[in-house]
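Student: Please help me check the labels attached to this structure. I would like to see how each one follows from its cut-offs.

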Amino acid sequence: MKYILIIGDGMADNPVPALGNKTPLQYANIPKMDELASKGEFGHVLNVPEGLPAGSDTAILSIFGCDPTWCYTGRAPLEAAATGIHLVPGDAAYRCNMVAYEDCDKPMGEKRILSHSAGSIEGEESIAIITALMEDPEFKAAADKAGVTIHKAPSFRHIMVQSGADIKGISLIPPHDHLGEQIGGLMPSGCANAEVLKNLMELAHKVLDKHTLNEKRRAAGKLPANGIWFWAEGTAVQLPNFVENYGRKGGVVSAVPLCHGIAALTGLERIFVDGATGELETNYEGKVEAAMEALKKDDFVAVHVEAPDECTHNGDTPGKLQAIENLDSLIIAPICQKCEEAGYDYRMLILSDHKTLTSTRGHDGTPVPYLIYDSREDRNTGNTYCEECGEKGPYVDAGVKLMGKLFEM
């Protein structure tokens, strides 16, 4: 028996007026997911425990059987683990996004944040801009004084580590949940160290706003990467071992450091695919091939697709629909076909980690639909894969229970 987990990040949603009050899952053309929903167990699940932030960190921890109510310290330590960054006692890790602020003559606090990803900046360009920032004498001096090191990544997602950091009481806000809002009320707050981080963010904007690299981006019709944004703070974390818990070895196919960090910390293989971007344009075929190679040697593989979430954050509803349809036709359908051709019996869990709302471009932690399909049976329920049908099925009150259901434990 082979076991497959498919996560369509942020694909669940609420009804959208522009889509005839249908959700994107209801509106999109997803024949394979609809077929599997009609044959399998289809219900809804709460992946984000009450009181915790609605995000992929808390939700995907739950899906992998790690209870975030006791093991969650923040998103950044998980992403740090993906790249081999070792945190020692006293260290704090933060996500350091490249972001775009609006171009105007107002003070920084009165400007609006336009993009949490600097317009989905490409990796090489992001590395060039963060390198230029780190080499600026004024910023470097302030970073050294603060005990700060920024670890570069080939996307908008860099990681900052601060030694001797006191984050007790700190409030750092996810930028993707406040797009279009003024920066002033969103800056770090809550403790003395927050002022240190706020100063670094202000210096970064001063250095980057008129930098030649950003002037080139503007000239090309792109948003500038004229700021950095610290959030997702946390300290070192330990996660339960997946193999010991479930008796299954496997790997995680993703373009997102968070998923590879969870894999590294739970004893699963991190599977990297050339050309996998976390955006709408990604190497779908490569992900499928990587998943099938993983199933040749182990019993379990997870495939994570980030595009529905990113498109929603970018206000791109047609892109979200396309991302969902791509997940159906370019990931799920070919994996099912290849499993059947290989003669595998298989069980497949398909779900969104959380909702990402078209109405707000932000996350929502309410229940999402889940599907467990078993190739050995056909329940003939008549369900389609959507939120409404999910709400009619079984309710799982904690995402940590799903993996046991997948493995029939």
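**From values to labels**

Student: Leaving aside its neighbours within four places in sequence, which residues is Gly-399 in contact with?

Tutor: Gly-399 is in contact with Val-45, Leu-46, Asn-47, Ser-62 and Ile-63, once neighbours within four places in sequence are left aside. Contact means heavy atoms within 4.5 Å. A word on the basis: this is a predicted model, in which local features need pLDDT of at least 70 and side-chain atom pairs count only at pLDDT 80 or more, while totals for chains, interfaces and linings use all residues. Residues are numbered from 1 along each chain as its sequence is written, and side-chain values use heavy atoms, with hydrogens and water left out.

Student: Why does Gly-399 count as buried?

Tutor: The label depends on relative accessible area: buried means under 20%, exposed over 50%, and partly exposed in between (1.4 Å probe, protein chains only). Gly-399 has 2% relative accessibility, so it counts as buried. Its place is the loop between β15 (395-396) and α16 (402-406); helices (H or I, at least four residues) and strands (E, at least two) are DSSP runs, numbered from the N terminus.

Student: Where is Val-256, and what does it touch?

Tutor: Val-256 sits in the loop between β8 (250-253) and α11. Not counting residues up to four places away in sequence, Val-256 touches Arg-75, Arg-157, His-304 and Glu-306. The relative accessible area of Val-256 is 2%, so Val-256 is buried.

Student: Which label do Ser-120 and Asn-380 earn: buried, partly exposed or exposed?

Tutor: Ser-120 has a relative accessible area of 21%, so it is partly exposed. Asn-380, at 64% relative accessibility, counts as exposed. Ser-120 lies in the loop between β4 (113-115) and α6 (123-135), and Asn-380 in the loop between β14 (368-374) and α15 (387-392).

Student: What is the phi of each of those residues?

Tutor: Phi of Ser-120 is near 55 degrees, a positive value in a residue other than glycine. Asn-380 is not a glycine either, and has a positive phi of about 50 degrees. There are glycines with positive phi too: Gly-84, just after α5, at about 80 degrees, and Gly-267, just after α11, at about 90 degrees.

Student: How do you know that helix α5 is largely enclosed by the rest of the structure?

Tutor: Helix α5 covers residues 75-82, and 8 of its 8 residues are buried, so it is largely enclosed. Its buried residues include Arg-75 and Glu-79. The buried residues of α5 pack against α3, β3 (92-101), β6 (157-162), β7 (227-234), α11 and β9 (269-271).

Student: What makes α11 mostly covered?

Tutor: In α11, 8 of its 10 residues are buried, among them Pro-257, Leu-258, His-260 and Thr-266.

Student: Why are α3 and α11 called oblique to each other?

Tutor: Helix α3 (residues 56-63) and helix α11 (residues 257-266) pack at an angle of about 40 degrees, with their axes 11 Å apart. Axes are lines fitted to C-alpha atoms, for helices over the stretch in contact, and angles run from 0 to 180 degrees between N-to-C directions. Under 35 degrees counts as roughly parallel, over 145 as roughly antiparallel, 65 to 115 as roughly perpendicular, and the rest as oblique. The α3 and α11 pair is therefore oblique. The residues of this contact divide into 5 nonpolar, 1 polar and 1 charged; Ala, Val, Leu, Ile, Met, Phe, Trp, Tyr, Cys and Pro count as nonpolar, Asp, Glu, Lys and Arg as charged, and the others, Gly among them, as polar.

Student: What makes α12 roughly parallel to α14?

Tutor: The axes of helix α12 (residues 284-297) and α14 come within 10 Å and cross at roughly 30 degrees. That angle makes α12 roughly parallel to α14. Their contact residues divide into 10 nonpolar, 1 polar and 3 charged.

Student: Which members of the largest nonpolar core touch the most other members?

Tutor: Of its 80 residues, they are Phe-64, Phe-300, Ile-335 and Tyr-385. Helix α14 (residues 317-341) gives the largest share of this core, 9 residues. A nonpolar core is a set of buried Ala, Val, Leu, Ile, Met, Phe, Trp, Tyr and Cys residues joined through side-chain atoms within 4.5 Å.
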